[in-house]
Amino acid sequence: MAQSSQFAQQSFAPRRSEPLFGRLAIIGIGLIGSSIAHATKDLNLAGRVVLYDRDAVVRTRARELDLGHEIAETAADAVREADHIVLCVPVGACGAVAAEIAAALKPGAILSDVGSVKGAVIDAVAPHLPDGVHFVPAHPVAGTENSGPNAGFPSLFLNRWCILTPPDGTDEAATARTRQLWEGMGAIVEVMTASHHDLVLAVTSHLPHLIAYNIVGTAEDLATVTQSEVIKFSAGGFRDFTRIAASDPTMWRDVFLHNKDAVLEMLGRFSEDLAVLTRAIRFGDGETLHKHFTRTRAIRRGIVALGQEKPETEKLRKD
Ligand code: NAP
């Protein structure tokens, strides 16, 4: 059975009677691109969903998976006559893709992206924008540790935030249409500046990934001594880190290279706070430790109360 029709049986967001866009183009067929393709086709958010990836093997796989209505052979072919274009490539590739498609974009089209960093993407894409094309950057705060065209599923964005960061002067109707697209896929949309986004995400997403990459690397270095114990006792916290540290290396390399200032700022504060905990342990200051752990427990409960605690893979199985 084709994967999209298999997913279509799950009701995760209402199907539109009339499409929102005539033609939607998706550049980059990874986890996010394929999830958008599933959702927009299944929910009739676009009359025609056209995809392109630079990798011919990925394009072939996308055809086998029946992603969208058409897999184009070039990025320019995909975006020609498109009303809405979503760049779903790593942050560091957005500028080059914008340059590649610029001449084929039609006036009035909305160009968007899904990059996990916004300031650097805006700086890289904006110089290539032809007159009359609206640029509405977006970041769906949803993902899994999996990548590639097989990884996508249509309910990925359901009840997850999608942050729009339209630069000053962006056409309001274009922002509203982009909001409608993400809300149509079940996301909850918030609008903020790119610099605020990059600072907030440095704490909530980028730093936790760096910590996970670091701790799993440290444990692997120790594995020469402890070998099987690292796996055997992994439920004691380590296992959760290994899931995050399995995230796509290209994507995360680009995130850290392109949100450098905010990540370094947060890393500095993290190190200071860690020094306080280190000191409390060294001097047997149980009160400081207990107070800190009580405060963090309340944060966890707040996240659960907001319904943001369910892993994406759980949504895939249960929704
Ligand atoms: P992915 O699964 O690795 O897929 C990215 C795809 O884009 C790959 O097939 C890649 O091909 C292709 N690509 C790279 N450069 C290209 C180019 N110049 N032209 C056409 N295709 C190109 O990545 P993803 O997880 O979907 O992430 C895509 C974007 O979403 C990133 O900007 C990321 O920051 C953002 N994002 C990711 C998550 C997440 O959890 N994964 C969540 C929110 C937002 P190659 O393999 O040949 O490079």
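These legends walk through several close-up views of one predicted model. Residues are numbered from 1 along each chain as its sequence is written, and side-chain values use heavy atoms, leaving out hydrogens and water. As this is a predicted model, local features need pLDDT of at least 70 and side-chain atom pairs count only at pLDDT 80 or more, while totals for chains, interfaces and linings use all residues.

**View 1. Six strands form an open, parallel sheet in the order 3-2-1-4-5-6.** Strands here are DSSP runs of E with at least two residues, and helices are runs of H or I with at least four residues, both numbered from the N terminus. Two strands count as paired if DSSP finds at least two bridges between them. At the edges of this sheet stand strand 3 and strand 6, each pairing on one side only. As a reminder for reading the view, strands of a sheet pair through backbone hydrogen bonds, either parallel or antiparallel.

**View 2. Strand 2 (residues 46-52) sits between strand 1 and strand 3 in the sheet order.** Five of the seven residues of strand 2 are buried, so this strand is largely enclosed by the rest of the structure. Buried means under 20% relative accessible area, exposed over 50%, and partly exposed in between, with a 1.4 Å probe and protein chains only. Six bridges pair strand 2 with strand 1 (residues 21-27) in the parallel sense, and L51 is the bridge partner of I26. Between these two strands the chain passes through helix 2 (residues 31-42), making a right-handed β-α-β crossover. Right-handed means that, with the strands pointing away from the viewer, the path from the first strand over the helix to the second runs clockwise. Towards strand 3 (residues 70-71), strand 2 pairs in the parallel sense over two bridges, and here V50 stands opposite E70.

**View 3. Strand 1 and strand 4 (residues 84-87) meet in the parallel sense.** Their pairing spans four bridges, and I27 stands opposite L87 of strand 4. Helix 5 (residues 94-101) belongs in this view too: helix 5 lies across strand 1, strand 4 and strand 5, running at about 145° to strand 4. Such angles run from 0 to 180 degrees between N-to-C directions, using axes fitted as lines to C-alpha atoms, for helices over the stretch in contact.

**View 4. Strand 5 (residues 110-113) has buried residues pointing both ways.** I110 and S112 point one way, L111 and D113 the other, and all are buried. Strand 4 runs parallel to strand 5 and is joined to it by four bridges, with V86 and S112 as bridge partners. Together with helix 5, these two strands make a right-handed β-α-β unit. Strand 5 is also joined by two bridges to strand 6 (residues 134-135), again running parallel, and L111 stands opposite F135 there.

**View 5. A second view of strands shows an open sheet of three, ordered 7-8-9, with mixed pairing.** Strand 7 (138-140) and strand 9 (188-191) stand at the edges, each with a single partner strand, so one side of each has no neighbour in the sheet. From one strand to the next, the twist averages 20°. Strand 7 and strand 8 (residues 161-164) run antiparallel and are joined by three bridges; H139 stands opposite I163 of strand 8. Helix 7 (residues 172-184) packs on this sheet, touching strand 7, strand 8 and strand 9, and its direction makes about 165° with that of strand 8.

**View 6. T175 lies in helix 7.** T175 is buried, with a relative accessible area of 13%. Not counting residues up to four places away in sequence, T175 touches V136, L164, P166 and T170, where contact means heavy atoms within 4.5 Å.

**View 7. Helix 12 (residues 260-282) packs against helix 13 (residues 286-305).** Their axes are 8 Å apart at an angle of about 135°, and the two helices are therefore oblique to each other. Angles under 35 degrees count as roughly parallel, over 145 as roughly antiparallel, 65 to 115 as roughly perpendicular, and the rest as oblique. V276, L277, A280 and I281 in helix 12 meet T288, L289 and H292 in helix 13. By class, this contact has five nonpolar, two polar and no charged residues. Ala, Val, Leu, Ile, Met, Phe, Trp, Tyr, Cys and Pro count as nonpolar, Asp, Glu, Lys and Arg as charged, and the others, Gly among them, as polar.
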